[in-house]
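Please read this short report with the sequence and the structure side by side. It takes the parts one at a time.

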Amino acid sequence: MFSYSRPFVYDVIPFRVGSPLEGPFNVTIKAWGLGYFDSHPEAQLNGQKCAKTIWVDNSSVICTIPDHVRLSLANPEIKVAGQRSMCGILAPGVCTVSVGHSSISSPARIREEIRAIKARGGDW
């Protein structure tokens, strides 16, 4: 049976820490392992599901935030075929979720996670 490796989120564009933004706006979430075809991923930011998630390619989705919704660009998450993304901390307040919702606190830990994904045959 075929299964996906968990995606690994590594960037959010625009990159903004601190003050929330108010919709409407689009956020690009960059991640490894989103798949080479549109498997209808689901994205969220800071626990809020995106109004619309658009798969772009194997490494990015666009998250649409609707009118009048205030949202900080923290804790991006993408779900692909039931697999929740892992994430490395990019800056304080951004992307604090990892395996089991524990934080990754150093570049060394991020490299460790990437090696583990590669060892399991994850796509890049």
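Two strands pair if DSSP finds at least two bridges between them. The model shown here is predicted. In it, Gln44 stands opposite Glu77 in β9. That contact across strands is a good place to start.

## The sheet around β4

β4 and β9 run antiparallel and share three bridges. β4 also pairs with strand β5, residues 48-49, again in the antiparallel sense, over two bridges. Here Leu45 has Gln48 of β5 as its bridge partner. In general, the strands of a sheet pair through backbone hydrogen bonds, either parallel or antiparallel.

β4 and β5 form a hairpin with two residues between the strands. Within that hairpin, Asn46 takes a positive phi near 50 degrees.

Now take the wider view. The order β5-β4-β9-β10 describes an open sheet of four strands with antiparallel pairing. β5 and β10 (83-84) stand at the edges, each with a single partner strand, so one side of each has no neighbour in the sheet.

Which side chains of β4 are buried, and which are not? Ala43 and Leu45 point to one face and are buried. Glu42 and Gln44 point to the other face and are not buried. This fits a general rule: in a regular strand the side chains alternate between the two faces of the sheet.

## The nonpolar core

The largest nonpolar core has 20 residues. Val27, Ile29, Leu45, Cys63 and Ile78 have the most contacts inside it. Leu45 has thus appeared twice: as a buried residue of β4 and as a member of this core.

Which elements give two or more residues to the core? They are β1 (8-13), β3 (25-32), β4 (42-45), β7 (60-65) and β9 (77-80). β3 gives the most, with four residues.

Val27 shows how such a residue meets other parts of the chain. Leaving out residues up to four places away in sequence, Val27 touches Val12, Ile13, Pro14, Leu45, Val61, Ile62, Cys63 and Leu73.

One of those partners is Ile62, and its place is in strand β7. At 23% relative accessibility, Ile62 counts as partly exposed. Setting aside neighbours within four places in sequence, Ile62 is in contact with Asn26, Val27, Thr28, Lys52, Thr53, Ile54 and Val56. Lys52 is ten residues from Ile62 along the chain, and their C-alpha atoms are separated by 8.0 Å.

## The disulfide

How many disulfides does the count give? The count comes to one. The bond joins Cys50 to Cys63, with an S to S distance of 1.8 Å. The torsion about this S-S bond is about -100 degrees, so the disulfide is left-handed.

Cys50 lies in the loop between β5 and β6 (52-57), while Cys63 lies in strand β7, so the pair ties together parts that are 13 residues apart in sequence. Both Cys50 and Cys63 are buried. Recall that Cys63 is also among the residues with the most contacts inside the core.

## The aromatic cluster

A search of the whole structure finds two aromatic pairs. The table sets them out.

| Pair | Type | Centre to centre | Angle between planes |
|---|---|---|---|
| Phe8 and Trp32 | stacked | 5.5 Å | 25 degrees |
| Tyr10 and Trp32 | stacked | 4.4 Å | 25 degrees |

Why does the pair of Phe8 and Trp32 tie together parts that are apart in sequence? Phe8 lies in strand β1 and Trp32 in strand β3, so the parts it ties together are 24 residues apart. The pair of Tyr10 and Trp32 also links distant parts of the chain. Tyr10 is in strand β1 and Trp32 in strand β3, 22 residues apart. Together, ring pairs link Phe8, Tyr10 and Trp32 into a cluster.

Are these rings buried or partly exposed? Buried means under 20% relative accessible area. Phe8 has 1%, so Phe8 is buried. Trp32 has 22% and counts as partly exposed. Tyr10 has 25% and is partly exposed.

Notes:
Residues numbered from 1 in each chain as written. Predicted model: local features only at pLDDT ≥ 70, side-chain atom pairs only at ≥ 80, totals over all residues. Heavy atoms only, no water. Core = buried A, V, L, I, M, F, W, Y, C linked by side-chain atoms within 4.5 Å. Buried < 20%, exposed > 50% of the residue type's maximum accessible area, 1.4 Å probe, protein only. Contact = heavy atoms within 4.5 Å. Phe/Tyr/Trp six-rings, centres within 6.5 Å; stacked < 30°, edge-to-face > 60°. Disulfide = S-S within 2.5 Å.
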